[in-house]
Amino acid sequence: MGRAAITARSRPQRATDWLPPALIAPAGVILSVLLAYPILRGIALSFFNTRLLRFDQGRYIGLANYNALIADPNFWNSVTVTIVYGAAVTICTYAVGLALALLLNRRMPARGLLRTIIIMPWAIPDVVAVLIFVWMLDAQYGVINYGLVEAGVLRAPVAWLSDADLAMLALVMVTCWQQFPLAMLILLAGLQTIPRELYEAAMSDGAGHWALFRHVTWPGLRAVNAVLVLMLVLNSFRRVTTIYAMTAGGPARATETLSILTYNTAFQYQQLGYAAAIGTALLLILLAFSLVYMRIVRPGAEA
Amino acid sequence: MRTGHAVGAMLFTTLCAALVIFPYYWMIVSSVSPASMFEWPPHLWPHTVTFDAYERIFTQRPVFVWLRNTAVVASCTAILCTIVSINAGYALSRFRGKVPGAFGVFVLLSQMLPAALIVVPLYIVFRQLGLYNALVGLAIADTAFTLPLATWLMRGFFDRIPADLEQQAQVDGCGRLAAFYRITLPLAAPGLVVVTVFSFISGWDEFFLARTLIASQDNWVLSVGLTSFESQYAIAWDEMMASSVVFAVPVAILFLFVQRYLVDGMTSGALKG
């Protein structure tokens, strides 16, 4: 009996093994029905002129939605807004995350407590982060206007969310506030994988702070950077809750990213088919960006 | 000299931390100082503390109903997500071959899909299946969006438990499934708690699906209800901030306990492949 068990175990599992598929099946069904199928159906929907109130009565119209898309100035506006928002959020989040990771990587009293306080913004629900900032940015009673006027940056309080550029700035500010802790924690984990000996060797060669950062820290973070930047860009392209709750794409489409344009087209302008075409364009942009990025950066090359 | 540096670094970090945490502080201050709220310049600390706003949100606003709905959705999401991700995570951790391999790629890819495209057809599917405007339907949708990371987290926890124990149990005549549920799963209990808490929080915080898939105000969750506090004349900021405290602070504290596992889970998929 013991012998039989051992031979059974040493034999490689055959394709007819029922256990792995059975364990995976529930998750596979949920992800297929609620993520994969909607994506495929969304792509299919982009060839129909379906409307919200009669969602079961769409007619096949070929590439008409895509032809309309290419001629639609709102679509191209959203492409620009998405790129501006994505770039600004990625740069700000990364910069703040890196600065605080370098700071918290030093030895200091109460480091654990400070680290916990600094990651608190990540713990807050998106909607609440937005509400707090909308209140802090209030044109009449907002504490941010107060601080900026006191500091001499502004002469008088401004209406952040009714000005196109300021609304984008406010949005980047909230997103960055919420996202930098994740960037910081990932970078902190990356910093801790850099061997101490490398720093000691460089220091004994007389390297200064900047040289240490440039020749030891920065190369050491290469693999982490590659993954983190891709994650930040993709997340900002896909982000919906923060933008929708804060500006819903306004004022005058100044913050209407492709994700928000997709949603507004479907549920405000009630054009499901056209919305699906915009969403499909977004999907293609995400895929193309990821593929090009991986070609250039090769995140796995050193890991 | 070195201790001087450390103290200097600490003071500077403390300043950064104060700036970072200020929005939390302002949320709490604004929720307890309604009288001094609409004043210029704003008072950085409250002159009078009152819990009127908290009383009003529970008596004059349907916050209690929304809170209950949120709890229902978050609990269902947590239960469903945990049960499903335990099995899938175990399969990803222990088995190689076509099915687990393809599933692993599928899980990673599904984390990259744009939610804005998914909800358009999902809305149609939910209308057709009768899941539209139902809390259970929302919990199922939340589960689907939470499942990829939950599965990946669970896989990571199983990876850290040696397979020898369950193989020993199998040699002793225990079935493979029994070995998993009776030997390995109890050892993965901390991971189980982390995944349950994580999926509870994502169900609790979720806004976008709730906004799209729930229609009637009786079925709203708190994240959707919160954004509706605008009256014709002014936004009731004290009530909004009081509801935000009730909604956000308990789960934020819960979140701090699981956050470090999330970082591992998010990066391991991409870094280790």
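This passage describes a predicted model of a complex of chain A and chain B, beginning with confidence and overall form and then turning to the contact between the chains and to individual residues.

For the complex as a whole, the predictor reports an ipTM of 0.90 together with a pTM of 0.89. The mean pLDDT of chain A is 89, and 93% of the residues in this chain score at least 70. In chain B the average pLDDT is 88, with 94% of the residues at a score of at least 70. Within chain A, the element with the lowest mean pLDDT is helix H1 (residues 2–10), at 43, whereas helix H4 (residues 73–104) has the highest, at 96. The start of chain A calls for particular care in reading, since pLDDT remains under 50 over residues 1–11, a stretch for which the model has two contacts beyond four places in sequence. Among the elements of chain B, the lowest mean pLDDT, 83, belongs to helix H12 (residues 237–272), and the highest, 95, to helix H3 (residues 63–94).

The secondary structure of chain A consists of 14 helices and zero strands, and the order of elements from the N terminus is accordingly α at every position. The radius of gyration of chain A is 25 Å, well over the 19 Å that the globule rule gives for 303 residues, so the chain is more spread out than a compact globule. Taken along the principal axes, the box filled by the C-alpha atoms of chain A is roughly 85 × 70 × 35 Å. Of the 303 residues in chain A, 42% are buried. When contacts in chain A between residues at least 6 apart in sequence are considered, 67% of them join residues that are at least 24 apart.

The contact between the two chains takes 81 residues from chain A and 79 residues from chain B. On the side of chain A that touches chain B, helix H2 (residues 19–45) of chain A gives the most, with 17 residues. By class, this side of chain A comprises 64 nonpolar, 11 polar and six charged residues. One point on the partner chain is B:Ala88, which lies in helix H3 of chain B. B:Ala88 counts as buried because 30 C-beta neighbours lie inside 10 Å, where 20 or more are required. Apart from residues up to four places away in sequence, B:Ala88 touches A:Leu23, A:Ile24 and A:Ala27 in chain A, as well as B:Thr151 in chain B. B:Ala88 and B:Met154, although 66 residues apart in sequence, are 8.3 Å apart in space, C-alpha to C-alpha.

Helix H2 of chain A also packs within chain A, where its axis and that of helix H14 (residues 272–297) come within 7 Å and cross at roughly 115°. This crossing of H2(A) and H14(A) is left-handed. From H2(A), the residues that make the contact are A:Gly42, A:Ile43 and A:Leu45, and from H14(A) they are A:Leu272, A:Gly273, A:Ala276, A:Gly279 and A:Thr280. By class, the contact of H2(A) with H14(A) has four nonpolar and four polar residues, with no charged residues.

Helix H4 of chain A contains A:Thr90. A:Thr90 is buried, because 23 other C-beta atoms lie within 10 Å and the threshold is 20 or more. With neighbours within four places in sequence left aside, A:Thr90 is in contact with A:Val229, A:Leu232, A:Val233 and A:Ser236. The C-alpha atoms of A:Thr90 and A:Ile124 are separated by 20 Å, the two residues being 34 residues apart along the chain.

The loop between helix H12 (241–246) and helix H13 (258–267) of chain A, in which A:Pro251 is found, has several notable backbone features. Most residues other than glycine have a negative phi, and most peptide bonds are trans. The peptide bond from A:Gly250 to A:Pro251, however, is cis, with omega near -10°. A:Ala252, in the loop between H12 and H13 of chain A, has a positive phi, near 50°. A:Arg253 lies in the loop between H12 and H13 as well, and its phi is also positive, at about 65°, although the residue is not a glycine. A:Ala252 is exposed, with 11 other C-beta atoms within 10 Å, whereas A:Arg253 is partly exposed, with 17.

Conventions. Residues numbered from 1 in each chain as written. Chains lettered and ligands numbered in written order. Predicted model: local features only at pLDDT ≥ 70, side-chain atom pairs only at ≥ 80, totals over all residues. Helix = DSSP H or I, 4+ residues; strand = E, 2+ residues; numbered from the N terminus. Rg over C-alpha atoms; globule rule 2.2 N^0.38 Å. Buried ≥ 20, exposed ≤ 12 C-beta atoms within 10 Å, placed from the backbone. Contact = placed C-beta atoms within 7 Å. pLDDT = per-residue confidence, 0-100. Nonpolar A, V, L, I, M, F, W, Y, C, P; charged D, E, K, R; others polar. Axes fitted to C-alpha atoms, helices over the stretch in contact; angles between N-to-C directions. Left-handed = near helix turned anticlockwise from the far one by under 90°.
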